[in-house]
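Biologist: I am new to this structure and would like a close look at a single part of it. Please take the salt bridges as the starting point, and then go on to whatever surrounds that topic.

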Number of protein chains: 2
Amino acid sequence: MTSKQPTSRIRKSPEQVRSAVHQAVIDLMSAPGGVELTIPAIAHHAGVNHTSVYRRWGSREALLADVVTTRLERDWPLHDTGTLRGDLTAWAEAGVASIRTPEGRLLVRAVALSMPSSAHTQAERAQHFQRRLHSIERIRERAAARGENPPPVEEILDQLVAPLYLRAIFGIDPPATGYPELLVDRLLGNTRTPGTAEA
Amino acid sequence: MTSKQPTSRIRKSPEQVRSAVHQAVIDLMSAPGGVELTIPAIAHHAGVNHTSVYRRWGSREALLADVVTTRLERDWPLHDTGTLRGDLTAWAEAGVASIRTPEGRLLVRAVALSMPSSAHTQAERAQHFQRRLHSIERIRERAAARGENPPPVEEILDQLVAPLYLRAIFGIDPPATGYPELLVDRLLGNTRTPGTAEA
DNA sequence: CATCGTAAGCACAGATGTTTGCTTATGGGC
DNA sequence: GCCCATAAGCAAACATCTGTGCTTACGATG
């Protein structure tokens, strides 16, 4: 007991820790039964010492934000289809696909909540949301560059983003078929031939 | 230590406790800087012993749910205007008024969160949401009884509820004027003045 | 006015989450 | 191949939240 024998103390590399912790967050979020999702629990599930998590991310809030943005940007990417309608529909389709999985719903929910107990300031939260909205802005810019006339952001927010987020947050399944197209039709007008609808 | 002198131990009545705790939750939620919103903190702010809170509500989740439903039912009530359009507009107006205040936004947000760390099952969460949706159902029933033909719940969800909730959660201010009417027009069709207004 | 059930307050114990000082693998640069 | 900065692992202290047994004020009932 006096000496410390090098008890073959295997350790993970920083990248391994990052990966394992991220996966553990996803696993525990998706787990049924309301797991606690505390740092000790996450670290244990990841096979990592909890101090490593504390030192690297500092707080659970920061950890969740990291996981969420990483995953969302991977699972809800931005496509370039060549038309405004195509881009919006693709975006909605990716969203629908995401919120059909428990993991996806939880990710979107996590964006909305961000912080379980401690509360971000509103400005901070809005900024966080801005990152998510960035893809919408890009879609609008591309459409404008093509000479199309995209609806204002507020309309896209109300008619495209809001329904998807609401369903993700409250776990309401979207209609089985045609939902992305339905939303885009409401937004752009049900005219497949552009030009007549508003704006 | 041997004797217990009745040190004029003033105590609040159950109703006083309830009121003080509810108010403390609101105060701490509205407080800037990300207060912890733990039961001890709430109890302290309310001037109540924390055991009283534990024994009465059991968990923070139950306490928040109680506060939120109480307040929301008071601040976001249901009006009977005699027409479907009127009822929906009134509902949207109440919602807009609510989410214009920081407290109102936080209440709506709290409905979305419901549970900070522990996670409700999806069914449980959906049920919780159902309570909020009850007013929508009532509006539809009344309209049907009048012989009107209300839109399906899903449409009201997408076009009326979702925009309000999204704005509440992310702190996006609704348009300064005419927003309730705009949402209802989108939902029911802009049958009154076929204006071009989409701005 | 006396009695009784309810529930608030208090003190303390138990469990859980958070933080710190230290040791020592790991991987890159010289 | 040696040396060094980085960061993971460990243990123990620390803070905080959660729960329990008990006393006792409050209000209702007779």
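Modeller: In chain A, a network of salt bridges links A:D80, A:D87, A:R142, A:R146 and A:E148. The model is a predicted one, and over all chains the count of salt bridges comes to 24.

Chain B has a salt bridge between the side chains of B:D87 and B:R146, with 3.3 Å from N to O. B:D87 belongs to helix 5 of chain B and B:R146 to helix 7 (residues 122–146) of chain B, so this pair links distant parts of the chain, 59 residues apart. The two partners can also be described by their accessibility. B:D87 has 1% relative accessibility and therefore counts as buried. B:R146 has a relative accessible area of 32%, which means that B:R146 is partly exposed. In general, side chains of opposite charge can pair when their charged atoms come close.

Another salt bridge in chain A joins the side chains of A:R85 and A:D185, at 2.7 Å from N to O. A:R85 sits in helix 5 (residues 84–100) of chain A, while A:D185 sits in helix 9 (residues 179–188) of chain A, so the pair ties together parts that are 100 residues apart in sequence. Both A:R85 and A:D185 are buried.

In chain B, B:R85 and B:D185 form a salt bridge, and their closest N and O atoms are 2.7 Å apart. Here B:R85 is part of helix 5 (residues 84–100) of chain B and B:D185 is part of helix 9 (residues 179–188) of chain B, so parts that are 100 residues apart in sequence are tied together by this pair. The relative accessible area of B:R85 is 17%, so B:R85 is buried. B:D185 is at 15% relative accessibility and therefore counts as buried.

Charged residues also appear around the DNA. There are 24 residues around DNA strand C, and those that come nearest are A:R11, A:Y54, A:R55, B:R11 and B:R56. Among the atoms of DNA strand C that come within 4 Å of the protein, sugar and phosphate account for 49%. By class, the surface near this strand has nine charged, eight nonpolar and seven polar residues. At least two residues of the surface near DNA strand C come from each of these: helix 2 (39–46) and helix 3 (50–57) of chain A, and helix 1 (14–30) and helix 3 (50–57) of chain B.

Individual atom pairs show which parts of DNA strand C are approached. A base nitrogen of DNA strand C has a polar side-chain atom of A:R11 at 2.7 Å. On the phosphate side, a polar backbone atom of B:N49 is 3.3 Å from a phosphate oxygen of the strand. The side chain of B:S52 has an N or O atom 3.1 Å from a phosphate oxygen of DNA strand C.

DNA strand D is surrounded by 23 residues, of which A:R11, A:R56, B:R11, B:Y54 and B:R55 are the closest. Sugar or phosphate makes up 49% of the atoms of DNA strand D within 4 Å of the protein, and the rest belong to bases. The surface near DNA strand D has nine charged, seven polar and seven nonpolar residues. Helix 1 (14–30) and helix 3 of chain A, and helix 3 of chain B, each supply at least two residues of that surface.

For DNA strand D, an N or O atom in the side chain of A:R11 is 2.4 Å from a base nitrogen. A:R55 has a polar side-chain atom 3.0 Å from a base oxygen of DNA strand D. A phosphate oxygen of this strand lies 2.9 Å from an N or O atom in the side chain of A:R56.

Helix 1 of chain B also holds B:L28, which counts as buried at 10% relative accessibility. Leaving out residues up to four places away in sequence, B:L28 touches B:V35, B:L37, B:A41, B:I42 and B:H45. B:L28 and B:H45 are 17 residues apart along the chain, and their C-alpha atoms are separated by 8.2 Å.

Finally, a word on confidence. Chain A has a mean pLDDT of 84, with 82% of its residues at 70 or more. For residues 1–7 of chain A the pLDDT is below 50, and this stretch has zero contacts in the model beyond near neighbours in sequence. Residues 195–199 of chain A also have a pLDDT below 50, but that stretch has eight contacts beyond near neighbours in sequence.

Key. Residues numbered from 1 in each chain as written. Chains lettered and ligands numbered in written order. Predicted model: local features only at pLDDT ≥ 70, side-chain atom pairs only at ≥ 80, totals over all residues. Heavy atoms only, no water. pLDDT = per-residue confidence, 0-100. Contact = heavy atoms within 4.5 Å. Near = heavy atom within 4 Å. Polar contact = N/O pair within 3.5 Å; in protein donor to acceptor, adjacent residues only side chain to side chain. Helix = DSSP H or I, 4+ residues; strand = E, 2+ residues; numbered from the N terminus. Nonpolar A, V, L, I, M, F, W, Y, C, P; charged D, E, K, R; others polar. Salt bridge = Lys/Arg side-chain N within 4 Å of Asp/Glu carboxyl O. Buried < 20%, exposed > 50% of the residue type's maximum accessible area, 1.4 Å probe, protein only.
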